[in-house]
Amino acid sequence: MFLLLRTVVEGTVAVCPGEGPRYGDFKCNHDSTHRVCAKLVDNSSSCQELSWNEDGRSFWEITGQQRWNWKDRICSEPNPGDSWCICMWATASLIAEVGCDNVHINCDATDVDFLLSSYTDGGWSLEQAKLCLRKKCR
């Protein structure tokens with residue numbers, strides 16, 4: 001009997017500063033959607049929502065998630081920061097709404113390879129997100 005072992009080597013993804021403890025290591029490389037580390041607040045001290053467009057709308061407003069606004073968790077222990085692992089569909093939605101140049105992505109803490117190998121998430125095409133990440137992160 002032969003035993004075939006398969007080793008999967010994950011790409012190096014840095015800690016997303018502000019991500020909560022849901023994954024244990026604060027990285028955006030665990031589930032099938034939360035793969036983009038996006039800066040959502042200005043800093044962990046003032047914890048003010050970033051504006052993503054000329055209208056001054058925040059990530060939560062643009063993506064329709066205001067009622068689940070979790071900015072206080074971003075700015076708190078155990079990993080205080082300014083970012084969070086967001087869904088790939090939310091990234092695609094943001095890019096469609098505000099354009100690639102206006103999205104705040106932490107490339108080192110984003111699982112770029114995973115997103116580039118994906119096609120859809122939450123019913124959203126990831127084609128524009130892939131173009132944007134290639135532009136910003138490669």
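**Backbone outliers, buried loops and helix packing**

Phe 26 sits in the segment that precedes strand 1 (34-39). In this predicted model, the phi angle of Phe 26 is near 65°, a positive value in a residue that is not glycine. Phe 26 counts as buried, because its relative accessibility is 17% and the cut-off for burial is under 20%.

Cys 47 also departs from the usual sign expected outside glycine: its phi is positive, about 55°, although Cys 47 is not a glycine. Cys 47 belongs to the loop that runs between strand 1 and helix 1 (59-62). Its relative accessible area is 8%, so Cys 47 is buried. Gly 99 follows helix 3 and has a positive phi too, near 90°. A cis peptide bond joins Glu 77 to Pro 78, with omega near 15°. Pro 78 is part of the loop between helix 2 (71-74) and strand 2 (83-87).

The overall fold is considered next. The protein chain contains five helices and four strands. Their order along the sequence is β-α-α-β-α-α-β-β-α. The radius of gyration is 16 Å, close to the 14 Å that the globule rule gives for 138 residues, so the protein chain is as compact as a globular protein of that length. Along the principal axes, the C-alpha atoms fill a box of roughly 65 × 35 × 25 Å. Of the 138 residues, 45% are buried. Contacts between residues at least 6 apart in sequence were also examined, and 65% of these join residues at least 24 apart.

The surface and the charges were then described. The protein chain exposes about 7800 Å². Carbon and sulfur atoms supply 50% of that area. There are 14 positive and 19 negative side chains in the protein chain. The centres of these two sets lie 4 Å apart.

Two helices illustrate how the elements pack. Helix 3 (88-98) has eight of its eleven residues buried, so this helix is largely enclosed by the rest of the structure. The buried residues of helix 3 are Met 88, Ala 90, Thr 91, Ala 92, Ser 93, Leu 94, Ile 95 and Val 98.

Helix 5 covers residues 127-137, and its residues Ala 129, Lys 130, Cys 132 and Leu 133 are buried. These residues span an arc of only 165° around the axis, which places them on the same side of helix 5. An α-helix has 3.6 residues a turn, so residues three or four places apart point the same way. The cover over the buried residues of helix 5 includes helix 3 and helix 4 (112-116). Gln 128 and Lys 135 are exposed, and they are carried on the face of helix 5 turned away from its buried side.

The loop between helix 3 and helix 4 holds Thr 110. Asp 111 is found in that loop as well. Thr 110 is buried, at a relative accessible area of 3%. Asp 111 has a relative accessibility of 12% and counts as buried. With neighbours within four places in sequence left aside, Thr 110 is in contact with Val 13, Arg 35, Val 36, Cys 37, Ile 105 and Leu 133. Leu 133 is one of the buried residues of helix 5. Under the same exclusion of neighbours within four places, Asp 111 is in contact with Val 13, Cys 28, Asn 29 and Arg 35. Val 13 and Arg 35 thus appear among the contacts of Thr 110 and among those of Asp 111.

Distances across the sequence were computed for both loop residues. Thr 110 and Asp 31 are 79 residues apart along the chain, and their C-alpha atoms are separated by 13 Å. Asp 111 and Cys 85 are 26 residues apart in sequence and 9.8 Å apart in space, C-alpha to C-alpha.

Arg 57 occupies the loop between strand 1 and helix 1. Cys 47 has its place in that loop too. Arg 57 counts as partly exposed, at 27% relative accessibility, whereas Cys 47 is buried. Not counting residues up to four places away in sequence, Arg 57 touches Leu 50, Ser 51, Trp 52, Ile 62 and Glu 97. The C-alpha atoms of Arg 57 and Thr 91 are separated by 15 Å, with their positions 34 residues apart along the chain. Thr 91 is one of the buried residues of helix 3.

Conventions
Residues are numbered from 1 along each chain as its sequence is written. This is a predicted model: local features need pLDDT of at least 70, side-chain atom pairs count only at pLDDT 80 or more; totals for chains, interfaces and linings use all residues. Side-chain values use heavy atoms; hydrogens and water are left out. Helices (H or I, at least four residues) and strands (E, at least two) are DSSP runs, numbered from the N terminus. The radius of gyration is taken over C-alpha atoms; the globule rule is 2.2 Å times the number of residues to the power 0.38. Buried means under 20% relative accessible area, exposed over 50%, partly exposed in between (1.4 Å probe, protein chains only). Contact means heavy atoms within 4.5 Å. Accessible areas come from the Shrake-Rupley method with a 1.4 Å probe; for residues, only the protein chains shown count as cover. Lys and Arg count as positive and Asp and Glu as negative; His and the chain ends are not counted. The place of a charge is taken as NZ of Lys, CZ of Arg, CG of Asp or CD of Glu. The arc is that of the directions from the helix axis to the C-beta atoms.
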